[in-house]
Amino acid sequence: EIDLMDWTSSIDQGKKIQKNIELADQKREQEKSDTNRSSAAEPKKTEPSLSSEEVAGHLMSVLMLPGNDCCADCEASAAFWILLKFGIAVCFECAEIHARLKTSEVRSVHFGTWELGDVMKLRCNGNAKSNGKLEQVISLDFDKPMPRDSASAKEKFIEAKYIKNSFIKPDESPHSPRQQK
């Protein structure tokens, strides 16, 4: 069961990472507008955003799926941050590391704006399925971090797991010739 203190702490800490994400998004948008000023750009098509009630319902049901009740990387409770690229839930500390390493866009369950495609990605993937792919073979050089491990230990694991694909069987690695057909 998700502890209320963990949830409250996640919201308080989440304000910091959400602000950093928003600032980075604003900077990217400014850079895009600077490069597109000379040419007329087509309006971007977006999926309709879900209402607050629909978001809450869908996200809470996804977070209750087996494996999604804790962080995909360190198994901490209060996994209220989503890695959109992988469709998984992580804790605040791991979300901060992912944002810094730019492994995926990170979005808060409580503060983010959600679209139907985002919620469906979460429903189709989730922690158990993604970890089954990304943690096939954890070498003796690595232990999966635990909630109380240092941020540097978590960062080393996250970099190996998501950037270097160190724990994927060689014939199934995204960089493998079999996958580039």
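Begin by selecting tryptophan 81 in this predicted model: this residue stands opposite valine 90 in strand 2. Display both side chains and keep them in view, for they mark the pairing to be examined next.

**The sheet**

Select residues 81-83, which form strand 1, and then residues 88-90, which form strand 2. The two strands pair in the antiparallel sense, over 3 bridges. Now add residues 106-108, which are strand 3. What is the order of the strands in the open sheet? The order is 2-1-3, and the pairing is antiparallel. Strand 2 and strand 3 stand at the edges; each has a single partner strand, so one side of each is left without a neighbour in the sheet. Rotate the view to look along the sheet: neighbouring strands are turned by 35 degrees against each other on average, direction ignored.

**Helix 3**

Next, select residues 92-101, which make up helix 3. This helix lies across strand 1, strand 2 and strand 3, and runs at about 110 degrees to strand 2. Colour its buried residues, which are Phe92, Cys94, Ala95, Ile97 and His98. Then move on to lysine 102, which follows helix 3 and has a positive phi, near 60 degrees.

**The cysteines**

Cys94 leads to a further matter, that of sulfur pairs. A disulfide is a covalent bond between the sulfur atoms of two cysteines. How many disulfides does a search of the whole structure find? The search finds 0. Select cysteine 71, which is in no disulfide; the nearest cysteine sulfur belongs to cysteine 94 and is 3.7 Å away. A disulfide requires sulfur atoms within 2.5 Å. Cysteine 71 has a relative accessible area of 2% and is therefore buried, since the limit for that class is under 20%. For contrast, select cysteine 124: at 48% relative accessibility, this residue counts as partly exposed.

**Asparagine 127**

Continue to residues 126-134, which form helix 5, and pick out asparagine 127 within that helix. Is asparagine 127 buried or exposed? Its relative accessibility is 1%, so the residue counts as buried. Show its surroundings: leaving aside neighbours within four places in sequence, asparagine 127 is in contact with Gly67, Asn68, Cys70, Cys71, Ala72, Gly87, Ile88 and Ala89. The cysteine 71 visited earlier is thus one of these contacts.

**Glutamate 135**

Select glutamate 135, in the loop between helix 5 and helix 6 (151-163). Glutamate 135 counts as buried because its relative accessibility is 16%. Not counting residues up to four places away in sequence, glutamate 135 touches Ala72, Lys144, Phe157, Lys161 and Phe167. Display the side chain of lysine 161, which a polar contact of 2.8 Å joins to the side chain of glutamate 135. Finally, select lysine 169, which is 34 residues from glutamate 135 in sequence; the C-alpha atoms of the two residues are 8.9 Å apart in space.

**The whole chain**

Now return to the full view. The protein chain has 6 helices and 3 strands, and along the sequence they follow the pattern α-α-β-β-α-β-α-α-α. The chain contains 181 residues, of which 36% are buried. Among contacts between residues at least 6 apart in sequence, 62% join residues at least 24 apart. Display the surface to end the tour: the chain exposes about 11,300 Å², and carbon and sulfur atoms supply 53% of this area.

Definitions and conventions: Residues numbered from 1 in each chain as written. Predicted model: local features only at pLDDT ≥ 70, side-chain atom pairs only at ≥ 80, totals over all residues. Heavy atoms only, no water. Helix = DSSP H or I, 4+ residues; strand = E, 2+ residues; numbered from the N terminus. Buried < 20%, exposed > 50% of the residue type's maximum accessible area, 1.4 Å probe, protein only. Contact = heavy atoms within 4.5 Å. Areas by Shrake-Rupley, 256 points an atom, 1.4 Å probe, with all protein chains shown as cover. Polar contact = N/O pair within 3.5 Å; in protein donor to acceptor, adjacent residues only side chain to side chain. Pairing = 2+ DSSP bridges. Axes fitted to C-alpha atoms, helices over the stretch in contact; angles between N-to-C directions.
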